[in-house]
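This note sets out comments on the structure shown below, as numbered points. Each point takes up one region or one kind of packing.

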Amino acid sequence: MLAAGAGLLLTTGAWLAGQWLDRGPPSWSSDERRLMESLWIASLPPLPPDPTNAVADDPAAAAFGHALFFDPRASANGAIACATCHQPQRRFTDGLPRGVAIGRSARNTPSIVGAAYSPWYYWDGRRDSLWSQALSPLEDPNEHGSDRHTLYELVRDDPAYRRAYEPLFGPLPASTDAAAVDRVFANVGKAIAAYERRLLPGPSRFDAYVDHLSRGGDPRRQDHLDASELRGLRLFLGPARCTECHNGPLLTNHEFHNTGLLPPPGALPDRGRFDGLDAVRRDPFNCLGAFSDDPSRRCDELTFVRDGVELIGATRTPSLRNLGATMPFQSKGQFATLAEVLRHYNDAPAALIGHNEAKPLSLSSRELRDLEAFLSALDAPIAADPALLAAPRGYDQAPASGAPSTPSSRAAASRSPSVSTPRPGRRDGTATRIRMPSDSARSCSSCSNCSSGDGALATRRRKTPQR
Amino acid sequence: MAVLPLLLAAQPALAHGGVVAEDDLCVINIGYLKAHFKMFVPARSGHREYCEDIPLRGETVFVMEYLHDGLSAAPIDFRIVRNTTGKGNFARLSDIDALPDLDAVTVSRHPSAVAPGVYTALHEFDDDGEYIGIVVAQAGDKRYTAVFPFTVGDTGAGVWPWLLAAIVILQLNFWYWTRRRRRPHAAAGVLAALLLAGAHAPATAEEYSAAGDRFRVTATPSLQPLTINRMHAWDLVLTDDNGEPVSGARIDVAGGMPAHDHGLPTQPQVTGLEAPGHYRIEGLRFHMPGEWELVLTITAGPASERLVLSLVL
C-alpha cells in the first residue's frame, strides 16, 4: 500500500516536473513543420517578372525612380515626395493612422517592402501593378496634389531627369497632347516601380528558427525564440487561425477579407474591395490598358478576378513582416497596438457592412500575450542596399531651388552598387541584418518637407502624435 | 387564429413604418424592394446593431444591405426629419406629405446617389428625440418610398407599451415564419443529399478525380506541387461512364472552403481543348491552406451532373 502510494506520488511528481520543464513545444508535428517552412523567407520565390513594365528590372530605371521617389517637386506645394509618407526608417510607412500630405488620406499608409510580389495594390486593390499604383498619389488632391502635365514638365525641364528618361523610354515627346503626356506619366510610374521592386524583406528571428530546425537542430536548444514566442508560434500555426490569411513567406495571401473593423469617427464603413475592383477595372493604366508593355495582354489576375457582395468591406491582407515599425495597424489605423489587433480578432464582432469572415477564437489573455510575443519575432529588416533607403546622394540639398537633381545616366547608374537586385532569404539563412538607415534617412525624408520652405506643413507633421 | 392575419396586416405600422424585424433580421421595405437595415453608433457602442431605436446620441451609421438586386442600380435619396407629425411611431408617408415644410424639419439630407451592393450614410445626432427616416429609391421610372419613425436617446417610459406590443407581434411573426419555412428546409436537405451522393473524390499527390453516375473526371494542376497563392490552370479529362471521352461539354466551375463558408477568390473559366475529352480550367488560385472543394457542373447533351473534387492544401 505504501509502495503504491509512493509510486503514485513519484509519477505525479515526475509529470509535474515534466510540465514545468517543458517550456517550449516538446516537438513539432510534421504538419506544423511543413507550415513553418511555407512561411520561411527561404521559401520566397524569385521576384516575379512584371511584363507590363519593360524597365521593371533595369538598374537605370531604378536609379531614376529612386530620385523621383524622394523628389518633392512632384507635388502641388513642392513639399510632398513619395518618401513623405513612405519613410524608409519606418519600413516605408509614416506612423500615422491615416497618411498626411497636402490633405489627409482616407487610409493607413502601407509599407512598400515586398510589395512587388502582390498582384493588387492599395487596401482595396484598386490598382494592379506597382507602376500604376505609383501614379495615383501624384494626382490625389490629398496626397501630392500634382498632375501628369506637371510631371511631364518636370522630366522635360530637369536635364538630369531628361538624360535618365530618354535612354529608357525613347525621346521625350515634344507635343503636350493628352496621349503623349499620359505616356510620359506612365513611364514615370514604371521608373518608380523599378526602384520599389528592390525593397524586399530580409530574414527575421522566426526565419532563423526555421533555419535552425531545417538543419536538424533541437526545437528547444536555440536562442532565436523564447518560451513565450514558441507558445505563440504554436498558436499562430493552429488555434489562432492566423495562417488562413497570413500565409506564404510574406505572411499574406494578397487577398481581400472583411474582418469587421469599425470606421474611425467621421467616416463611413469602408466598402473596400467591392469598390476597389470596380476602380481597377476602369483604370486606364491597368494590365489590359494601352500603357502595358506586355504585347500579349495576358492578365490572368484581372481576367479571372471574382466579384460579388462578399467583397463588401473586404480589405487586403497585409504582410506581417513589417509589424515592428508600422503601427498603427489596419486599413484606417484603427489600432495603435498589436494587443488591440489581437483582441479584435479574438472577439471577431459582426461587421457593420458585409460580414466578418473571422470567427471568435476564445484565446485566453495569456495566449494573446504569447501570440503578440511571437509576432515580434516576424519583424524583418529590409534586405536592400542601404543606399536605396535614403535620398540619392547629391540630390537631397537641391530640389527646392530647382537645381538639377541626381545624375541618372545609364552609365552612372550601372556603376552604382545601389542598384543590384538583392536576393532575400538565402537558404543558408545567413543573410545579414541590414543596418537601418538612421540619420541620413531621417534627414532625407524630412527634407522633402522642409526644403520647400513650407514651414507650416513641416511643423504640423512634426507635431502629429507618432503613435 | 383568425386574428393572426389581422395582426400581421397591422404590423408594419406598429413596427416603425417601413422597418420591421423579420425572422431575426431587421428589414426595410422600400416598396417591393427589401434591404437589411441596421444602425450603429461606433464611437459609443462599437459593433452593437440597432434596428428600430437608438438608445445613444452620437455619430450614427445607417446601413442598408440589399436583399433585392434592384437596389444596386437605383439612385437612393435618404433624409432624416424631426418627427413633428404628432403620430409618433405611427407616422406614415401621408403624414410626411401633410407637413407644411419638410426642409424646415430636415436634420440631414443625403442626396440621391447610386450605391451598388450596400447603402451607407452618416449623421451625428445632437439631440435626443423622435425622428423619421425617409428613403426614396428610383427603380426605372418608378419611385418607392420607405418611411420609418425612430427615436434617439433616452425616451423614457413612454415606449414600454409599444415595446411589449412589438414583442408579441415579433413572437407571432416568428411562429408564422418558422411554420412557413419548415417545408422548404426539408426539401433542400433532400436535394443536397441527392447531389452529394453521386460524387466522391479520392485525392492523390498530383491528380484529382471524381466519378458520378454519368461522368468521370480526372484533373491535373499545372502547378506541381500544388501550392497556395499562385494563379494556375488545371487540365481536365472528361469521360462518360463507359470511359469514352466527352467533348463539347459545358463545365461550370465553383467551389471554395466549406469549413470557412467562402468561395473561390477567382472566377475560373473553362475552355475545351482539341484532344477529345480534354478541357482546361484557367484562373484558379487557392488563398488559404486547408480543405478546398472544386465543384464542376458538367452538362453534355441532356445529361448534367455535379462532381466535387476535394483537395487539401
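Which residue of E3(B) is the bridge partner of Ile30(B)? The partner is Leu33(B). The points below begin with this part of chain B; the model under discussion is a predicted one.

1. The first strands of chain B. Strand E2 (residues 25-30) and strand E3 (residues 33-40) of chain B run antiparallel and are joined by 4 bridges, with the pair Ile30(B) and Leu33(B) among the partners. The two strands form a hairpin with 2 residues between them. Within that hairpin Gly31(B) takes a positive phi near 60°.

2. The preceding hairpin. On the N-terminal side, strand E1 (residues 19-22) of chain B pairs with E2(B), also in the antiparallel sense, over 4 bridges. Ala21(B) lies opposite Cys26(B) of E2(B). Here too 2 residues separate the strands of the hairpin, and Asp23(B) in the turn has a positive phi of about 55°. As general background, strands of a sheet pair through backbone hydrogen bonds, either parallel or antiparallel.

3. The four-stranded sheet of chain B. An open sheet of 4 strands follows the order E6-E5-E8-E9, and its pairing is antiparallel. Its edges are strand E6 (106-114) and strand E9 (142-152) of chain B, each of which pairs on one side only. From one strand to the next the twist averages 15°. Strand E5 (residues 75-82) and strand E8 (residues 129-139) of chain B run antiparallel and are linked by 7 bridges. In this pair, Arg82(B) has Tyr131(B) of E8(B) as its bridge partner.

4. Overall character of chain A. Chain A contains 17 helices and 2 strands. Of its 467 residues, 50% are buried. When contacts between residues at least 6 apart in sequence are considered, 77% of those in chain A join residues at least 24 apart.

5. The nonpolar cores. The largest nonpolar core has 62 residues, and Phe64(A) and Ile192(A) touch the most other members. The elements that give two or more residues to this core include helix H3 (59-69), helix H5 (130-139) and helix H8 (178-196) of chain A. H8(A) gives the most, with 9 residues. A second, separate core of 53 residues includes Leu262(A) together with Ala121(B), Tyr131(B) and Val147(B). Tyr131(B), a member of this second core, is the residue already noted as the bridge partner of Arg82(B).

6. The packing of H3(A) on H7(A). The axes of these two helices come within 10 Å and cross at roughly 145°; the crossing is left-handed. From H3(A), Ala60(A), Ala61(A) and Phe64(A) meet Ala164(A), Tyr165(A), Pro167(A) and Leu168(A) of H7(A). The contact is made up of 7 nonpolar residues, with no polar and no charged ones. Phe64(A) therefore appears both in this contact and among the residues that touch the most other members of the largest nonpolar core. In general, an α-helix has 3.6 residues a turn, so residues three or four places apart point the same way.7. The environment of H5(A). Is H5(A) largely enclosed or largely open? H5(A) is largely enclosed by the rest of the structure, because 8 of its 10 residues are buried. Among these buried residues are Leu130(A), Trp131(A), Ala134(A), Leu135(A) and Leu138(A); Ser132(A), Gln133(A) and Pro137(A) are buried as well. The buried residues of H5(A) pack against H6 and H8 of chain A.

8. The contact between the chains. In the interface, 29 residues of chain B are in contact with 30 residues of chain A. On the chain B side, helix H2 (42-45), strand E4 (59-66), strand E7 (118-124) and strand E16 (278-284) each supply at least two residues. E4(B) gives the most, with 4 residues. The chain B side divides into 14 nonpolar, 11 polar and 4 charged residues.

9. Arg306(A). This residue is found in the loop between helix H12 (300-303) and strand E2 (315-316) of chain A. Arg306(A) counts as partly exposed because it has 15 C-beta neighbours inside 10 Å, where 20 or more would make a residue buried and 12 or fewer exposed. Arg306(A) touches Leu264(B), Pro265(B), Thr266(B) and Gln267(B), not counting residues up to four places away in sequence. Within chain A, the C-alpha atoms of Arg306(A) and Leu277(A) are separated by 8.9 Å, and the two residues are 29 apart along the chain.

Conventions. Residues numbered from 1 in each chain as written. Chains lettered and ligands numbered in written order. Predicted model: local features only at pLDDT ≥ 70, side-chain atom pairs only at ≥ 80, totals over all residues. Contact = placed C-beta atoms within 7 Å. Nonpolar A, V, L, I, M, F, W, Y, C, P; charged D, E, K, R; others polar. Pairing = 2+ DSSP bridges. Core = buried A, V, L, I, M, F, W, Y, C linked by C-beta atoms within 7 Å. Axes fitted to C-alpha atoms, helices over the stretch in contact; angles between N-to-C directions. Left-handed = near helix turned anticlockwise from the far one by under 90°.
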